[in-house]
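The exercises below are to be worked with the sequence and the structure at hand. Each task is followed by a solution in steps.

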Amino acid sequence: MHHLSAYRPRSHQSVTSPQCSYCSRAKHCNRPMDDSPFERKPRRINTLTGSWLDNSVAVQQSRNRMGTYEDDCEEEQDEVLTKRGSWTGRFDFLLSLLGYSVGLGNVWRFPYLCYNNGGGAFLIPFTIMLVIAGLPLMFMELSIAQYAGLGPAVLFRRFSPLFQGVGVGMVLIAGIVMLYYNVILAWTLYYMLASFEEPLPWKGCNHPWSSSYCYSYEEENRCVSSNGTYYMTKCYANANLIANFTKVPKKPPAEDFFKNYVLRISPGIETTGNISVTLALSLLGAWLIVFLCLCRGVKSSGKVVYFTALFPYVVLVMLFVRGITLPGSYNGIMYYLEPDWDKLKSAQIWGDAAVQIFFALSPAWGGLLTLASYNKFSNNCYRDAIIVAISNILTSFFAGFVIFSILGFLAHELDTDLESVLDKGAGLAFVVFPEMVTKLQMPMFWSVLFFFMLLTLGLDSQFTLMETVVTGILDTFPKLRQWKMRVVFGVAVAGYIGGLVFITNSGMYWFQLVDKYAANWSVLLIAIIECILIAWIYGSERFIGNIEEMIGKRSLCFHYFWTMAWKFVTPITLLFILCFNWIQYKPVSYGKYVYPDWADIVGWIIGLLPMMVIVVTALYKIVSDTSVQSTVQIIGNLLKPTVEWKPSRSPLYRFEYDGNGIEI
């Protein structure tokens, strides 16, 4: 291996240009042909094209890319890469990546899946799926985006013009998810502010929004102490009436508060109703926070993540310490951990593990590509991918201890089994936990702390989703960079307007519909296409060569492992996840409410829209080609990288090989 910095020009031949950033970085200049260190008989492999080159061609291409001629110094730079910006701090990217990958799902979905799939036994398939599916996709996307220095919209236009729609589809997915994801932050912001009221507004059943099925254990205890019977929010002393009582469902006050006061939910999706003013203000506040943090791009968001990515861990530790001191917490943790090894024989546990790890690390959404595109060319993205992948699984596992210690306490306080209080998603965050904090000392403190943690967890993901959309616009139209703040503001305004449908009386039904379809099958199909394009068409060895240009020579084991993963193991695993999702498919529902057929059709359109964009773009590329070639030849050419495909910076490492492929 030859490091480029070793090739220093002789002083009497040095003709350097102080304005040339490439020359000053790589210590290169104009050097006569006969003095070139590459002037030797063995051939070199070109990691950009994957072909063997004669030395004369190798030297010429190396100099052209490295900017060793004075003419190259004056050559116009790539318009897309000009003034694109980059991370300014040492850990900006790593923490942004950590914040994007560790989100709300780690806290409110993983513990439920772990409990439902054999407790501790679930960690085995989860870890395996991390190694064979999640990590390979993350490393692949981080590497290719860092190498090209481009976001998804332009990256695939240069990498494989036929599949230019893949990048556009990613931006489209990020844009759709961005709309409803910020609604979660609006709910969280509202609950955090409501937590400053004393007593907490969702405590008890004596409220106008309380339903007749509201059940408060505190009110029941007061009724029983006066020799009465508590039934449907009222205390009865007449024994004759008690005999006529029928069994009715019991709803915690926090559930009534969430559905009847916060959401003011309508009977169904067809009944739109009005926009909630309080939620409209909360959504405005959430978008304002996102805009202020992203107004200067990665320069501003890279500083914010130092807090938003690390603060949730502080709160999780505090909640864990408090949780294990509560009565009943031990039983809750045992429910969570007790392994059921027989579950490993079922396909359900493997399917759930694969789906969870895929959506936890969020490849094929465009977020990983966007974050890595702002990296320095020499950043060790391999190390970053491993750190974040391990952090993701450890965070998920630790969050399970926190959640189940709290659920165990709630089950103990309500004198019921844990299954009756177990929930996931929004139900866990906005019903179960609010109900639990009313039974703690200092409920205001713990409530504010919990919802602030959820806010910071969600903000990191929202930052990346919005940055993906903004980067897609600015990479496609580079001249808009001089008005970047206006572009960010425009995207925020569009996001706010698009999110208003989710805060109407039927908003929760729309939320569940879009959440089910927006980032499901299309994301999996896009990930499979990525594997085929990079590992099979572009070539896994050629791609690994590009990676080595950034991070240095790797071992043969590295080559073999990632070649097998990207070519065979990961695509097959993705097909398994896709088939598992199709087999498990059920029309969307919310509680006992069944959506009308037209709503499912709308969901399918939303879900397949990115794939439609990919297909239509590919057909347009083929039809618009005016060359006198056959269709097969046109497709073959469109699958190959364009002449614009190149590293974003001068490669740091070059490797020379003899005619037998042995490194010199």
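**Exercise 1. Describe how helix H9 (residues 164–194) packs against helix H13 (residues 277–294) in this predicted model.**

Solution. Two packed helices are described by the angle between their axes and the distance between the axes. Start with these two values: the axes of H9 and H13 come within 8 Å, and they cross at roughly 110 degrees. Next, classify the angle. Angles of 65 to 115 degrees count as roughly perpendicular, so H9 and H13 are roughly perpendicular to each other. The handedness follows: H9 passes H13 in a right-handed crossing.

Then list the residues that make the contact. H9 contributes Met178, Asn182, Val183, Leu185, Ala186, Trp187, Leu189 and Tyr190. From H13 come Thr278, Leu279, Ser282, Leu283, Gly285, Ala286, Trp287 and Val290. Sorted by class, the contact has twelve nonpolar residues, four polar residues and no charged ones.

**Exercise 2. Place Val469 in the fold and find what it touches.**

Solution. First locate the residue: Val469 is part of helix H21 (residues 443–476). Then consider its accessibility. The relative accessibility of Val469 is 11%, and buried means under 20%, so Val469 counts as buried.

Now look for partners beyond four places in sequence. Val469 touches Val171, Ala174, Gly175, Met178 and Val491. For Gly175, compare sequence and space: Val469 and Gly175 are 294 residues apart along the chain, while their C-alpha atoms are separated by 6.1 Å. Met178 also appears among the H9 residues that contact H13.

**Exercise 3. Determine whether helix H8 (residues 152–159) is enclosed or open, and examine Phe159 within it.**

Solution. Begin with the count: seven of the eight residues of H8 are buried, so the helix is largely enclosed by the rest of the structure. The buried residues are Pro152, Ala153, Val154, Leu155, Phe156, Arg158 and Phe159. Next, identify the cover. The elements over these buried residues include helix H7 (123–148), H9, helix H18 (367–372), H21, helix H24 (521–551) and helix H27 (631–639).

Turn to Phe159, which lies in H8. Its relative accessibility is 2%, so Phe159 counts as buried. Leaving out residues up to four places away in sequence, Phe159 touches Ile144, Leu533, Ile534, Tyr538, Leu639, Lys640, Pro641 and Trp645. The pair Phe159 and Lys640 is separated by 481 residues in sequence and by 6.9 Å from C-alpha to C-alpha.

**Exercise 4. Which backbone features do Pro199, Arg264 and Ala364 show, and where do these residues lie?**

Solution. Take the proline first. The peptide bond from Glu198 to Pro199 is cis, with omega near 0 degrees. Pro199 is in the loop between H9 and helix H10 (217–225).

Next come two residues that are not glycines but have a positive phi. For Arg264 the value is about 50 degrees, and the residue lies in the loop between helix H12 (253–263) and H13. With a relative accessibility of 42%, Arg264 counts as partly exposed. For Ala364 phi is about 70 degrees. Ala364 is in the loop between helix H17 (347–361) and H18, and its relative accessible area is 0%, so it is buried.

**Exercise 5. Is Ser266 buried or exposed, and which residues does it contact?**

Solution. Ser266 lies in the loop between H12 and H13. Its relative accessibility is 8%, so Ser266 counts as buried. Once neighbours within four places in sequence are set aside, Ser266 is in contact with Thr271, Asn505, Ser506 and Tyr509.

**Exercise 6. Summarise the protein as a whole and mark the stretches where pLDDT stays under 50.**

Solution. Start with the secondary structure, which comes to 27 helices and eight strands. Of the 664 residues, 56% are buried. For contacts between residues at least 6 apart in sequence, 80% join residues at least 24 apart.

Then check the confidence. The average pLDDT is 83, and 84% of the residues score at least 70. Over residues 1–76 pLDDT stays under 50, and the model has 136 contacts beyond four places in sequence for this stretch. The value also stays under 50 over residues 657–662, for which the model has 16 such contacts.

How values were computed: Residues numbered from 1 in each chain as written. Predicted model: local features only at pLDDT ≥ 70, side-chain atom pairs only at ≥ 80, totals over all residues. Heavy atoms only, no water. Axes fitted to C-alpha atoms, helices over the stretch in contact; angles between N-to-C directions. Helix = DSSP H or I, 4+ residues; strand = E, 2+ residues; numbered from the N terminus. Parallel < 35°, antiparallel > 145°, perpendicular 65-115°, else oblique. Left-handed = near helix turned anticlockwise from the far one by under 90°. Contact = heavy atoms within 4.5 Å. Nonpolar A, V, L, I, M, F, W, Y, C, P; charged D, E, K, R; others polar. Buried < 20%, exposed > 50% of the residue type's maximum accessible area, 1.4 Å probe, protein only. pLDDT = per-residue confidence, 0-100.
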